[in-house]
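This report walks through one protein chain, from single residues to sheets and charged pairs. Keep the structure in view while reading.

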Amino acid sequence: MEKNRWIPWALGAASLIGLYLTSLYSYLLFHSLAEIFSIVVAWSIFVIAWNSKKYIENPYLVFISTAYLFIGGLDLLHTLSYKGMAIFTDYDFYANQLWIAARYLESVTLLIAFLYLKADRPVNPYYLFMMYLTVFAVLTASIFYWKIFPVCFIEGKGLTPFKKVSEYIICGILVVDIVLLHRFKRRFDTSVFHYLLWSLACTIVAELAFTFYIDNYGVSNLIGHYFKIFSFLLIYKAIIETGIAKPYDIIFRELVQKEEHLQQAKEAADVANRAKSEFLANMSHELRTPLNGVLGYAQILKRDESMSKSQTAGLDVIERSGEHLLNLINEILDLSKIEARKMELEASFFRFSEYLIGISRIIKIRAEQKGVAFVSDIAGDLPAAVGCDEKRLSQILLNLLSNAVKFTEKGEVTFRVLRIEDESEDKAETVGVAPVRFMVEDTGVGIPRDQLEDIFSPFKQAGDHSRKIEGTGLGLSISRKLVHLMGGEDIHVKSELNRGSRFWFDLNLAVVDDDIDARSQSGKLIKGYQGEKRKILVADDRWENRIVLMNFLASIGFETMESVDGEDCLEKVKTFNPDLIFLDIVMPRMDGFAVARILRNDPEFKDLKLVAVSASVTQSPGEIISESGLDDFISKPVNLQEITGAIEKTLGVEWIYKTGSNDTGNEQPETEKLEVVPPPNNELRNLYNMARRGDIMGIRNALDGVESLGEEYCVFVDKIRKLVLAYRIKEIRDTLFTYLGENT
């Protein structure tokens, strides 16, 4: 940029030389070009200042820029009336009269503007415009219409006394302007001050040049016009500096500052989020670890048939208290996950009526303990089995129902579930989906109208203060966000103070036509498994965590071994040769992720089943599994059903349940005894492609089509359908791949 600063100067010098050369050819041409240049500059000054008036804080500059519009107008009339233009032929004195009128207007304006600057008064540009328009009209009328303006120049004689005196008066006014400019120097930017100072100096030189010529075409006239050009250009630079360059710099500086502030705020927010995530991870780990021992042993001891009723009741209290504390931890972590957009839904298929009955039983016990009636109104036309995130749906329903019981002292709590009409425009897209409304009503204290929205805000609770001590105030906020994640519109609420409340929400649930027998054994106790003895290694740095798992696994027939950290785990793998490792993520010296990476890169153990069992749950299970190469993830405190589910998923064992003395569980399912006839190759490929995409609903629909092809495929359909109901994507894919290979 610095190298190119000479270019404007070179262009300016070339223009002045060219302008001088035109005077040698035709002075009239020189005069016209010089005046037109000055006129354009004067009008540009006005246009720039007028459109930048909200940025120009100096009233002096606003004042003179408005005047220059009309000064340029007088100069235009002066140019048109110049001798030789042959436009105004009725009078010979117009040109010099218009010139001196313009110079008076210019010098007096520069003087009066200081009065506004001294008074520090804001300038009304519209008032100023009308004032100068009036002055311009009077001056032009006095010259062209009334012809009362004094004569300034007589051809052959030269300047009149009025013209000479006027030029000196104008120079005197300009000298006063310079003095005042120095006095108010602090009111101007340095560059603007210098532009104005040199502009006034050039104007004085121009006026002096016009005081002693006797010929309109002489050298003195030429010099005067040059300095007039310089004067106008300097005023123009002052306005440009103030009206465009400075505001641009201010705007750009403000944008840079705002960007810097935003960046600083973002960095501060990132630091705060990281600190929050680290705090939540540490808090979760420290609280879940002791809870793992409490809840784990409560579940193990409840399996002991020798426990008395009072002991079992005590264990129930321990388990409920531990689960309550765990729920508080989970609520805080869930909110953090939702805000960070890390919450993932895990779809599963389950018997809907049994599920709703189970929810109702939980709440009925709580209601009876409080002396409140509980009514369960489950519609008869609901689908037998549905698919959604069962855990999150339970979280929503239990929160709404628990709140209803909590805020109801007398009367009843009603739980309604009904199938509603499909209101979607394209019903073809909702085949296999049931729109279901869940509604919770109570006759409790109600919610004030002005607090209805607050109840969904995090850490806020409405209602009687005495009840606010229970919970974190996150339940409804999380429930609303979960409804949104599950595709629902919102949780709606209607409430009347001291008369009760009604909460409801709608979800589109995937309909499962087949009876789900994968859950039919969930209420039974496992006593063992079929087949050869399996080995499980439990890797955890906390003894209480290891002992819970090892006691349970040993009670159902597994050979177990423990390891205290990651390095110890790798050593035990080589000697123990386990079928499955329950692997803690956070361990000293070497964490579970590092262990998983080493084992996956070792050809001997790359197929070893790895299930993470961790109290650090800042990441979603899906993220942990996909990023680390693990086969499954279970969060602490462990739920024994989740443990057996992970074993069944990874090792494919078949459980033996405590259903009676004659139940050995040794009989194979009937479908395993029958010959499996796979369908045609194109059907297999279609199923395999859907399995690769994880399209469970698509596989179910395709199996219906395969079943309709003939009875010989029923065994194949039943086998794949069981895997579908258990959500075993990998086993489905492997099984279909095997059949494809056989057919190929």
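Two residues are in contact here when heavy atoms of theirs lie within 4.5 Å. By that rule, and leaving aside residues up to four places away in sequence, Leu-208 touches Tyr-168 and Cys-171. The model is a predicted one. Leu-208 and Cys-171 are 37 residues apart in sequence, yet their C-alpha atoms are 7.5 Å apart in space. Leu-208 belongs to helix α7, which covers residues 190-209. Its relative accessible area is 36%, and because partly exposed covers the range between under 20% and over 50%, Leu-208 is partly exposed.

**The chain as a whole**

The chain has 744 residues, and 46% of them are buried. Its secondary structure consists of 22 helices and 16 strands. Among contacts with a separation of 6 or more, 73% are between residues 24 or more positions apart. The chain exposes about 38500 Å², of which carbon and sulfur atoms supply 56%.

**A parallel sheet and its helices**

Five strands make an open sheet with parallel pairing, in the order β12-β11-β13-β14-β15. Strands β12 (559-563) and β15 (632-635) stand at the edges; each has a single partner strand, so one side of each is left without a neighbour in the sheet. On average, neighbouring strands of this sheet are turned by 20 degrees against each other, with direction ignored.

Within this sheet, β13 (residues 580-583) and β14 (residues 609-614) run parallel and are joined by 4 bridges. Leu-580 stands opposite Lys-609 in β14. Helix α13 (residues 543-555) packs on the sheet and touches β11 (535-539), β12 and β13. The direction of α13 makes about 170 degrees with that of β12. Helix α15 (residues 592-600) also packs on the sheet, where it touches β13 and β14. The direction of α15 makes about 155 degrees with that of β13.

**Strand β6 and its partners**

Which strands pair with β6 in the parallel and the antiparallel sense? Strand β4 (residues 373-378) runs parallel to β6 (residues 412-419), and 6 bridges join the two. One bridge partner pair is Ala-373 with Glu-412 in β6. Strand β7 (residues 433-442) pairs with β6 in the antiparallel sense over 7 bridges. Here Arg-416 has Met-439 in β7 as its bridge partner.

**A surface patch**

Ile-17, Tyr-20, Leu-21 and Leu-24 form a nonpolar patch on the surface, and together they have about 420 Å² of accessible area. Leu-21 sits in helix α1 (residues 6-25). With 49% relative accessibility, Leu-21 counts as partly exposed.

**Charged pairs**

Side chains of opposite charge can pair when their charged atoms come close. The structure holds 20 salt bridges. The table gives three of them.

| Pair | Distance, N to O |
|---|---|
| Glu-207 and Arg-103 | 3.9 Å |
| Arg-499 and Glu-496 | 3.4 Å |
| Arg-589 and Asp-565 | 2.7 Å |

The side chains of Glu-207 and Arg-103 meet in a salt bridge. This pair links distant parts of the chain: Glu-207 is in helix α7 and Arg-103 in helix α4 (residues 94-119), 104 residues apart. Are these two residues buried or exposed? Glu-207 counts as buried at 1% relative accessibility, and Arg-103 counts as buried at 2%.

Arg-499 forms a salt bridge with Glu-496. Arg-499 is exposed at 59% relative accessibility, whereas Glu-496 is partly exposed at 43%.

The side chains of Arg-589 and Asp-565 meet in a salt bridge. This pair, too, links distant parts of the chain: Arg-589 lies in the loop between β13 and α15, Asp-565 in the loop between β12 and α14 (566-576), and they are 24 residues apart. Arg-589 is exposed, with a relative accessible area of 63%, while Asp-565 is buried, with 6%. Salt bridges that share partners also join Glu-35, Asp-75, Arg-103, Glu-106, Glu-207 and Lys-228 into one network.

**Two residues with positive phi**

Arg-589 has a positive phi of about 70 degrees although it is not a glycine. Asn-498, also not a glycine, has a positive phi of about 65 degrees. Asn-498 lies in the loop between β8 (492-496) and β9 (500-512). At 64% relative accessibility, Asn-498 counts as exposed.

Definitions and conventions
Residues numbered from 1 in each chain as written. Predicted model: local features only at pLDDT ≥ 70, side-chain atom pairs only at ≥ 80, totals over all residues. Heavy atoms only, no water. Buried < 20%, exposed > 50% of the residue type's maximum accessible area, 1.4 Å probe, protein only. Pairing = 2+ DSSP bridges. Axes fitted to C-alpha atoms, helices over the stretch in contact; angles between N-to-C directions. Patch = residues over 30% accessible without salt bridge, like charges linked within 9 Å, V, L, I, M, F, W, Y side chains within 5 Å. Areas by Shrake-Rupley, 256 points an atom, 1.4 Å probe, with all protein chains shown as cover. Salt bridge = Lys/Arg side-chain N within 4 Å of Asp/Glu carboxyl O.
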